[in-house]
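Colleague: I have a few minutes before the meeting, so could you walk me through this one? I would like to start with something on the surface and then work inwards.

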Amino acid sequence: MTKTGKLKIQWGHLVLLAIIAGWILAYLLDARATSMRVSNLLLVQPVAILALILVLVLVPQCFVREQPNDNTLAANNQDTPPAKETPLELAKIGILTAAFVALAFLMERIGFDVSVFAFLVLGLYICGERNWIANLAFSAIFTVALIYGYGAIIPFPFPLAVL
């Protein structure tokens with residue numbers, strides 16, 4: 001395979017990965033500084049190490065070669081260059097972000113279980129799930145598993161409205 005085109009760095013993605021990695025590393029170091037007991041690090045340390053490995057796996061994808069002209073597209077069996085986000089897709093991203101912010105603010109007001117369920121239903125609908133039975137069933141099953149699974153590992157102070 002011949003490498004053609006100029007190497008382009010996707011700075012936004014690279015900076016986001018750096019912020020995520022920095023936050024994970026800071027959280028891991030804080031947890032280790034608090035206590036080195038196994039009960040303290042049993043979940044935090046393996047997940048942090050796995051997350052850092054996943055970030056490292058994603059870093060090479062931030063470096064892409066630009067396609068210099070249309071001949072290169074034909075040589076790579078591509079019909080058209082990659083499309084940019086449409087205004088509708090950007091609106092979906094904005095709505096999903098607003099729904100996540102609402103989830104964070106409504107957890108204590110209407111209950112952790114109801115807010116997670118509502119976020120999942122809306123998120124699945126925004127992402128394209130139009131089968132309401134599948135949407136509601138998945139959201140309900142995931143919410144119950146999250147509440148009871150997370151509650152079994154770590155007791156959390158969020159109020160529950162239904163569960």
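Modeller: Let me begin with I154, keeping in mind that this is a predicted model. I154 counts as partly exposed, because its relative accessible area is 34%.

Colleague: Where does I154 lie?

Modeller: I154 is in the segment that comes after α7, the helix spanning 132-153.

Colleague: And which residues make up the nonpolar surface patch there with I154?

Modeller: The patch is made by L43, V47, Y150, I153 and I154, and its area is about 450 Å².

Colleague: Let me step back for the overall picture. How many helices and strands does the protein have?

Modeller: The secondary structure comes to seven helices and two strands, and from the N terminus on the elements are ordered β-α-α-α-β-α-α-α-α.

Colleague: How much of the protein is buried, and how much area does it expose?

Modeller: Of the 163 residues, 19% are buried. The exposed area is about 12,100 Å², with 70% of it supplied by carbon and sulfur atoms.

Colleague: What share of the contacts with a separation of 6 or more comes from residues 24 or more positions apart?

Modeller: That share is 59% in this protein.

Colleague: Changing topic to the rings: how many aromatic pairs are there?

Modeller: The count is four aromatic pairs. One of them is formed by W23 and Y27, a stacked pair with 5.5 Å from centre to centre and 20° between the planes.

Colleague: Where do W23 and Y27 lie?

Modeller: Both W23 and Y27 are in helix α1, residues 11-34, and they are four residues apart, which corresponds to about one turn of the helix.

Colleague: Are those two rings buried or exposed?

Modeller: W23 counts as exposed because its relative accessibility is 58%, and the cut-off for that class is over 50%. Y27, with a relative accessible area of 45%, is partly exposed.

Colleague: What about Y125 and W132, and why is that pair called stacked?

Modeller: The ring centres of Y125 and W132 are 5.3 Å apart and their planes are at 20°, so the pair is stacked; planes have to be under 30 degrees apart for that label. Y125 is partly exposed at a relative accessible area of 33%, and W132 is also partly exposed, with 43% relative accessibility.

Colleague: Which residue lies over the face of Y125?

Modeller: That is R130, which is placed 4.0 Å from the ring centre of Y125.

Colleague: Now inwards, please. Is N135 buried or exposed, and where is it?

Modeller: N135 belongs to helix α7, and N135 is buried because its relative accessible area is 0%.

Colleague: What does N135 touch, leaving out residues up to four places away in sequence?

Modeller: With those left out, N135 touches L120, V121, L124, Y125 and E129. Y125 comes up again here, having already appeared as the stacking partner of W132.

Colleague: What can you say about V116?

Modeller: V116 is part of helix α6, which covers residues 112-126, and V116 counts as buried because its relative accessibility is 7%. Apart from residues up to four places away in sequence, V116 touches L103, T143 and L146.

Colleague: How far apart are V116 and T143?

Modeller: V116 and T143 are 27 residues apart in sequence, while their C-alpha atoms are 6.5 Å apart in space.

Colleague: Back to helix α1 for a moment: why does L14 count as buried?

Modeller: L14, which lies in helix α1, has 19% relative accessibility, and because the class takes values under 20%, L14 counts as buried. Setting aside neighbours within four places in sequence, L14 is in contact with I9, V59, C62 and F63. L14 and Q61 are 47 residues apart in sequence and 9.0 Å apart from C-alpha to C-alpha.

Colleague: Last one, R32: what is R32 in contact with beyond its neighbours within four places in sequence?

Modeller: R32, also placed in helix α1, is in contact with L41 and Q45 when those neighbours are left aside. From R32 to Q45 there are 13 residues in sequence and 8.4 Å in space, C-alpha to C-alpha, and R32 is partly exposed, with a relative accessible area of 31%.

Key: Residues numbered from 1 in each chain as written. Predicted model: local features only at pLDDT ≥ 70, side-chain atom pairs only at ≥ 80, totals over all residues. Heavy atoms only, no water. Phe/Tyr/Trp six-rings, centres within 6.5 Å; stacked < 30°, edge-to-face > 60°. Buried < 20%, exposed > 50% of the residue type's maximum accessible area, 1.4 Å probe, protein only. Lys NZ or Arg CZ within 6 Å of the ring centre and 35° of its normal. Patch = residues over 30% accessible without salt bridge, like charges linked within 9 Å, V, L, I, M, F, W, Y side chains within 5 Å. Areas by Shrake-Rupley, 256 points an atom, 1.4 Å probe, with all protein chains shown as cover. Salt bridge = Lys/Arg side-chain N within 4 Å of Asp/Glu carboxyl O. Contact = heavy atoms within 4.5 Å.
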